[in-house]
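Dear colleague,

I am handing over the structure below, together with a short account of what was found in it. Please read the notes with the coordinates open beside you.

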Amino acid sequence: MLAKKEKTNFNKLQKRLRRNVGEAIADFNMVEDGDKVMVCLSGGKDSYTLLDILVGLQKSAPIDFEIVAVNLDQKQPGFPEQVLPNYLKSIEIPFEIIEEDTYSIVKEKVPEGKTTCSLCSRLRRGIIYGWAERNGVNKIALGHHRDDIIETLFLNMFFGGKLKSMPPKLNSDDGKHIVIRPLAYAKEKDIAQYAKAKEFPIIPCNLCGSQENLQRQNIKMMLQDWDRKYPGRIETIFKAITNVAPSHLADTDLFDFANLQQTSAEEDLLFDSPEFEQRKSVATEDNLTIVNLS
């Protein structure tokens with residue numbers, strides 16, 4: 001009985017993630033007919049889940065597109081270099097392991113105890129973009145999820161003075177590729193449960209260690225605390241990212257306040273009360289429909 005219940009729960013979880021990815025792909029036109037999509041595989045739960053869900057959708061999609069999994073072996077000491085090749089061979093997915101010793105560069109350039117993520121990320125991007133260009137890749141898929149997007153929003157607000165986050169789709173730094181985040185609608189806790197159920201061979205990142213003082217960890221703990229105390233708040237924050245009113249902010253580059261003209265009174269919302277939607281019940285997972293690629 002327990003096994004049957006676990007299977008039912010897993011099917012609902014998989015269905016939810018497939019729907020999340022399908023909706024993100026449809027909303028942002030992430031994948032088109034003839035695309036060659038590189039899935040950047042780190043060995044973490046997010047990128048494993050991204051690859052697994054995309055491969056599943058590829059089989060039922062009404063369009064044809066290629067998937068290639070690419071991992072950057074950064075030569076961290078003790079890195080289990082056979083884990084990813086063995087896994088990818090077992091699921092019969094085209095893949096490439098790029099070997100570049102970025103570990104030594106980061107350790108040389110970044111003082112002990114300082115955050116390594118920024119430099120590591122820049123080095124990885126350059127290597128990945130170069131490989132993509134040489135191998136005809138036009139879409140680069142990253143494993144960032146909804147929680148990553150929200151955390152980045154607060155990081156930029158609190159520490160960067162910007163109202164900015166991770167977009168689900170953007171041009172690469174070199175302008176030659178489209179970067180997509182098909183997990184943009186997916187919750188981190190769903191991804192963690194899925195990865196555990198699928199028993200992906202997770203590889204921890206040993207380059208930066210735990211680095212518990214990272215500001216992102218502080219933001220993550222703040223959001224987790226809010227989620228416990230105020231259920232639904234995280235969903236509302238994410239919805240706000242998709243529902244922006246430039247005329248009600250203060251960016252003079254984004255909205256032409258200087259040339260704003262007088263208008264009719266019925267269009268003036270200055271003193272109107274904020275609108276808050278009442279929470280509505282939603283259909284059960286069994287009644288949800290997977291969004292096909294189109």
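A convenient place to begin is Lys139, which counts as buried because its relative accessibility is 3%, under the 20% that marks the limit for a buried residue. Please keep in mind throughout that this is a predicted model. Lys139 forms a salt bridge with Glu32, and the closest N and O atoms of the two are 3.6 Å apart. This pair links distant parts of the chain, since Lys139 lies in strand 4 whereas Glu32 lies in the loop between helix 1 (2-28) and strand 1, 107 residues apart. Glu32, unlike its buried partner, is partly exposed, with a relative accessible area of 36%.

As for the overall picture, the protein chain has nine helices and six strands, and buried residues make up 38% of its 294 residues. Among the contacts in the chain with a separation of 6 or more, 77% are between residues 24 or more positions apart. The chain exposes about 18000 Å², of which carbon and sulfur atoms supply 51%.

Turning to the strands, strand 1 (residues 36-40) has four of its five residues buried, so it is largely enclosed by the rest of the structure. Strand 1 pairs in the parallel sense with strand 2 (residues 66-73) over five bridges, and within this pairing Val37 stands opposite Ile67 of strand 2. Strand 1 also pairs with strand 4 (residues 139-141), again in the parallel sense, over three bridges, where the bridge partner of Val39 is Ala141. Between strands 1 and 2 comes helix 2 (residues 45-60), and the three elements make a right-handed β-α-β unit.

Strand 2 is likewise largely enclosed by the rest of the structure, because seven of its eight residues are buried. Strand 2 pairs in the parallel sense with strand 3 (residues 95-99) over five bridges, and Val70 stands opposite Glu96 of strand 3. The chain crosses from strand 2 to strand 3 through helix 3 (residues 83-90), and this β-α-β crossover is right-handed as well.

Coming back to charged pairs, the structure holds 17 salt bridges, and two further examples may be useful to you. In one of them, the side chains of Lys45 and Glu188 meet at 3.1 Å, N to O. This pair, too, links distant parts of the chain, with Lys45 in helix 2 and Glu188 in helix 7 (residues 188-198), 143 residues apart. Lys45 is partly exposed, at a relative accessible area of 24%, while Glu188 is buried, at 18%. Both residues belong to a network of salt bridges that also links Asp46, Glu151, Arg216 and Lys220.

The other example is local: Lys229 forms a salt bridge with Asp225, the closest N and O atoms being 3.3 Å apart. Being four residues apart in helix 8 (residues 215-229), these two are separated by about one helical turn. Lys229 is exposed, with a relative accessible area of 53%, whereas Asp225 counts as partly exposed at 25% relative accessibility.

Finally, on the surface, Met157, Phe158, Phe159, Leu163, Val244, Leu249 and Leu254 make a nonpolar patch of about 680 Å². Of these, Leu249 is found in the segment after helix 9 (233-241), and at 38% relative accessibility Leu249 counts as partly exposed.

With kind regards

Terms used
Residues are numbered from 1 along each chain as its sequence is written. This is a predicted model: local features need pLDDT of at least 70, side-chain atom pairs count only at pLDDT 80 or more; totals for chains, interfaces and linings use all residues. Side-chain values use heavy atoms; hydrogens and water are left out. Patches are made of residues with over 30% relative accessible area and no salt bridge: like charges are joined within 9 Å, nonpolar side chains (Val, Leu, Ile, Met, Phe, Trp, Tyr) within 5 Å. Accessible areas come from the Shrake-Rupley method with a 1.4 Å probe; for residues, only the protein chains shown count as cover. A salt bridge is a side-chain nitrogen of Lys or Arg within 4 Å of a carboxyl oxygen of Asp or Glu. Buried means under 20% relative accessible area, exposed over 50%, partly exposed in between (1.4 Å probe, protein chains only). Two strands pair if DSSP finds at least two bridges between them. A crossover is right-handed if, with the strands pointing away from the viewer, the path from the first strand over the helix to the second runs clockwise. Contact means heavy atoms within 4.5 Å.
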